[in-house]
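Ready for some practice in reading a protein fold? Keep the sequence and the 3D view open, and try each exercise before you look at its solution.

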Amino acid sequence: MNPTAGPDTLPAGRGQRPLPGFPSAPPPTADDVTTRPADGSAGVGVLPFRIAVPEAAIADLKERLAHTRWPDDSPGAGWSRGVPLDYLKELAAYWQTQYDWRVHEARLNEHPQFTTTIEDQTVHFLHVRSPEPNATPLMLIHGWPGSVVEFMDVIGPLSNPRAHGGDPADAFHLVIPSIPGFGYSRPLRAAGWTYRHIGQAFTELMSRLGYERYGVQGGDAGAFIAPEMGRIDPAHLVGVHVNAMVQIPSMVQILTSLVISSKSERARLARYKHWRDEMRGYLEIQSTRPKTPAYGLTDSPVGQLAWIVEKFKEWTDPAAALPEDAVGRDHILTNVSLYWFTGTAGSSANVYYETLHDPEVKKRKARNMVPTGVALSSTQDVTIRRWAERENNVVRWTEFAHGGHFAALEAPEFLINDVRGFFRDLR
């Protein structure tokens, strides 16, 4: 939440020391051209990519987990001071001895993947073409602490509804990028990758792939980037769909809401106040000094695990006693493993730093006039419709009762149906 390669290599960047187990290789350049890969991708500088984490890196992870230096337990029960020690020890042991990265790597590799270079930045993406020739192109954008792993359960139904009991007219060609600084969109090669800058890169990606009319869906950071794409490329965007949208209210809005809000809106306001007062430590650190925690998170897999799993507890359905009661344990660990193997704890945090230091962030945005659908958790999200409508042309507002911040992971059927329903009227 933010309110304000070759088959055996991971590109490490020019002059950058590779991660343990990864050979050094420069990212692809704009001089590399693939005009029409076998799956139908098109464009200048689009190169096939496949995830293949070396065995040495997996062995290094397990060795580090086995030699974790644990802190003393702190006073107080539960999660109020952070991740409980006993829980994290058990989860780390599972990661070390039972979790099988190769199984989940193979699942990721079932989907065609590519890299391209936009403004000297490597951008990794999945490109899943629907078997339906008239499918609507749709970009799916993850957030933090998410990744392309978020969308594994929705790719099949969205791209091939006929095979999943749906209407083939609802099919999508899917483009699922890793945000610059996240996953295999590394290394982060320059400052200035604000939400708007990322949106510009993603509209360029869709153009590079030859898509003239397309939609976009995003959650968390994706719910900031997607509306920016609506402002940047309204001539080609047919619709913007978001979940986990965060619209930060002004003090005037807060005071007004106390007077005129409905019961559910007051609950959202109280939820926002709780987040602001008790849950935004990660935001303050990543917005101001992202490099400093990166040293610890990049060196300690348990540190990286704790940093992410805390959010899978705090932001998922409140009815879930543990994170894996809301999102499968292996799903969580695949997401954490992707951060670990790519060493992107620090570079992914930069999206927060750029937001805080963007001189445009406090200015009133031009209204995104592209038709926009908003899907929100009634138990976790904080946005009130009239706040969202100030900056977006909201034509659909849907709330789901079960699930929280990570809709594609917690409530995939709801998200699939809502995306289908929203774009059905816009094709």
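The exercises below go from the whole protein to single contacts, and the model they use is a predicted one.

**Exercise 1. Take stock of the whole protein: how many helices and strands does it have, and what percentage of its residues count as buried?**

Solution. Begin with the elements: there are 17 helices and 9 strands. Next, turn to the residues: of 427 in the protein, 59% count as buried. Finally, look at the outside: the accessible surface is about 17600 Å², and carbon and sulfur atoms account for 52% of that surface.

**Exercise 2. Trace the sheet: in what order do the strands lie, and which strands stand at the edges?**

Solution. Step across the sheet and you meet E1-E2-E3-E5-E4-E6-E7-E8-E9, an open sheet with mixed pairing. Now check the ends: E1 (47-49) and E9 (392-400) each have a single partner strand, so one side of each has no neighbour in the sheet. As you go from one strand to the next, the twist averages 25°.

**Exercise 3. Compare two strand pairs: which way do E2 and E3 run, and which way do E6 and E7 run?**

Solution. Take E2 (residues 113-118) and E3 (residues 121-128) to start with: they run antiparallel and are joined by 6 bridges. Within this pair, Gln113 stands opposite Leu126 of E3. Then move to E6 and E7, which run parallel and are also joined by 6 bridges. Here Gly215 has Gly239 in E7 as its bridge partner. E7 (residues 237-243) is mostly covered, with 7 of its 7 residues buried.

**Exercise 4. Follow Phe202 into the core: which residues does Phe202 touch?**

Solution. Start from helix H5 (residues 195-208), which lies across E2, E3, E4 (136-141), E5 (172-177) and E6 (214-219), at about 120° to E2. Then find Phe202: leaving out residues up to four places away in sequence, Phe202 touches Val123, Met139, Ile141, Pro177, Ser178, Ile179, Pro180, Ile225 and Met229. Now widen the view to the largest nonpolar core, which has 110 residues; Trp101, Met139, Leu174, Phe202 and Met229 have the most contacts inside it. Helix H13 (residues 329-342) supplies the largest share of this core, 7 residues.

**Exercise 5. Describe how H2 and H11 meet: at what angle do their axes cross?**

Solution. First locate H2 (residues 85-97) and H11 (residues 301-314): their axes come within 11 Å and cross at roughly 120°. The crossing is right-handed. Last, list the contact: Tyr87, Leu88, Leu91, Ala92 and Trp95 from H2 meet Pro301, Val302, Leu305, Ala306 and Val309 from H11.

Conventions. Residues are numbered from 1 along each chain as its sequence is written. This is a predicted model: local features need pLDDT of at least 70, side-chain atom pairs count only at pLDDT 80 or more; totals for chains, interfaces and linings use all residues. Side-chain values use heavy atoms; hydrogens and water are left out. Helices (H or I, at least four residues) and strands (E, at least two) are DSSP runs, numbered from the N terminus. Buried means under 20% relative accessible area, exposed over 50%, partly exposed in between (1.4 Å probe, protein chains only). Accessible areas come from the Shrake-Rupley method with a 1.4 Å probe; for residues, only the protein chains shown count as cover. Two strands pair if DSSP finds at least two bridges between them. Axes are lines fitted to C-alpha atoms, for helices over the stretch in contact, and angles run from 0 to 180 degrees between N-to-C directions. Contact means heavy atoms within 4.5 Å. A nonpolar core is a set of buried Ala, Val, Leu, Ile, Met, Phe, Trp, Tyr and Cys residues joined through side-chain atoms within 4.5 Å. A crossing is left-handed if the near helix is turned anticlockwise from the far one by less than a right angle, and right-handed if clockwise.
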